[in-house]
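Colleague: I would like a close look at the backbone of this predicted model. Please take the unusual spots one by one.

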Amino acid sequence: MLYQLVKPFFFSQDPEHIHEQVMQGLIAVSRSSALQKGLERFTVFADPRLRIERFGLKFPNPIGLAAGFDKNALAVRAWPALGFGALEVGTITALAQSGNEKPRLFRLPEDLALINRMGFNNEGSEAVAERLKSLGLDQNPLSIPLGINVGKSKVTELDQAPEDYRTSMTRLSPYADYFVVNVSSPNTPGLRQLQDKDKLAELLAVATDPAVSAGKPVLLKIAPDLTDTQIDEVIDLARTSALSGLILTNTTISRDGLKNDPQQTGGLSGKPLTARSFEVLKYVRAAVGKNLPLVSVGGIFTADEAYWRLRAGASLLQVYTSFIYEGPQLAANLNRGILDRLKADGFVRLEDAIGVDA
């Protein structure tokens, strides 16, 4: 209720400016155990029946924060206090970069959506690694798994992309619980070409090399705009590589179904992506079965939407845009709603419901 009172003020501000202000508040929370404990009273819903284990990691609940919010790992200790079961930081590149010109983030309130063309603005993997080291994450890890999303530096040529990813992953491997290879953002020129079969095979051979990942799980994040044939090629590579899972899906370049199209380039996220990301999940699950963990992201706003994706075969979920629209109790509300639906359907625990509709 409190968030609904302050939300009009937030939405009256420039989206990127208010995001930076919110991050300052989260940094303060991350530095204070008292603030974390106070916040947890309102934003954490915990129940052992929601626990799940995938690719060797234990998640207290299935709702993770997607990459893009905490790009530079500035507030990592705040996110468990907001009820999330996992945190993904980034996207982080080998080289520091300022990203695309502003304005580059746009709200579409009528569509419960965002358009972003941020362009992987981040401090670079060396600076982020130093920050995570200073936070003592190698000795005192988070209470939830920490994923690190890595991408290609804008100035790096495509044929040098594997080395760019190698640099970032090697630097960050002491602090990551898992890595995500991002080749699907529409906001770095040429990046999505890395989803082509031959280029992707070369990249994944590097990213999944234990000397690069330190043996940490490596997941691949793909775009919702791939054709079925392209998705089939990704699935074939997933079967033959050492990938630990797939994240379905990134933002879309499509503008189908928008009530109000602002004619801005960039990746569209939020409610307009709900149907397509669910469709991709079902398609991939039908192909891979239970053999490859799937993380579903894109347009998850309600407990029903979350629960349907779990039943369809997603092991874990991620949110971003709905967190901006729904506020800091989103994870708690989704987890509470998932548990209610598990009980109503006669399931003892979350694990029992995963994939029953697949």
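Where is Thr-249 found? Please go on from there to the other backbone oddities, and spend most time on Phe-120.

Modeller: Thr-249 is found in a loop. That loop runs between strand S10 (245-248) and strand S11 (267-270). The peptide bond joining Leu-248 and Thr-249 is cis. Its omega is about 15 degrees.

Another cis peptide bond joins Gly-90 and Thr-91. Here, too, omega is about 15 degrees. The setting is a strand: Thr-91 lies in S4, which spans residues 86-92.

Now to phi. Ala-73 is not a glycine, yet its phi is positive, at about 55 degrees. Look for Ala-73 in the loop between strand S3 (63-65) and S4. Its relative accessible area is 0%, so Ala-73 counts as buried.

Phe-120 also has a positive phi without being a glycine. The value is about 55 degrees. Phe-120 lies in the loop between strand S6 (113-116) and helix H4 (125-134). With a relative accessible area of 6%, under the 20% cut-off, Phe-120 is buried. Gly-119 has its place in the loop between S6 and H4 as well. At 7% relative accessibility, Gly-119 is buried too.

What does Phe-120 touch? Leaving out residues up to four places away in sequence, its contacts are Thr-91, Thr-93, Gln-97, Gly-151, Lys-152, Asn-182, Ser-185, Thr-188 and Leu-191. Thr-91 brings us back to the cis bond with Gly-90. So the strand residue at that bond is in contact with the loop residue of positive phi: Phe-120 touches Thr-91.

The record adds a further layer. An unreviewed UniProt entry carries a "binding site" annotation. The annotation covers Lys-71, Asn-116, Arg-117, Met-118, Gly-119, Phe-120, Asn-182, Asn-187, Asn-250 and Thr-251. Gly-119 and Phe-120, both named there, are the buried loop residues described above. Asn-182 is named in that annotation, and Phe-120 touches Asn-182 in the model.

Technical notes:
Residues are numbered from 1 along each chain as its sequence is written. This is a predicted model: local features need pLDDT of at least 70, side-chain atom pairs count only at pLDDT 80 or more; totals for chains, interfaces and linings use all residues. Side-chain values use heavy atoms; hydrogens and water are left out. Helices (H or I, at least four residues) and strands (E, at least two) are DSSP runs, numbered from the N terminus. Buried means under 20% relative accessible area, exposed over 50%, partly exposed in between (1.4 Å probe, protein chains only). UniProt positions are given in the numbering used here, feature names are shortened, and annotations may be inferred rather than shown by experiment. Contact means heavy atoms within 4.5 Å.
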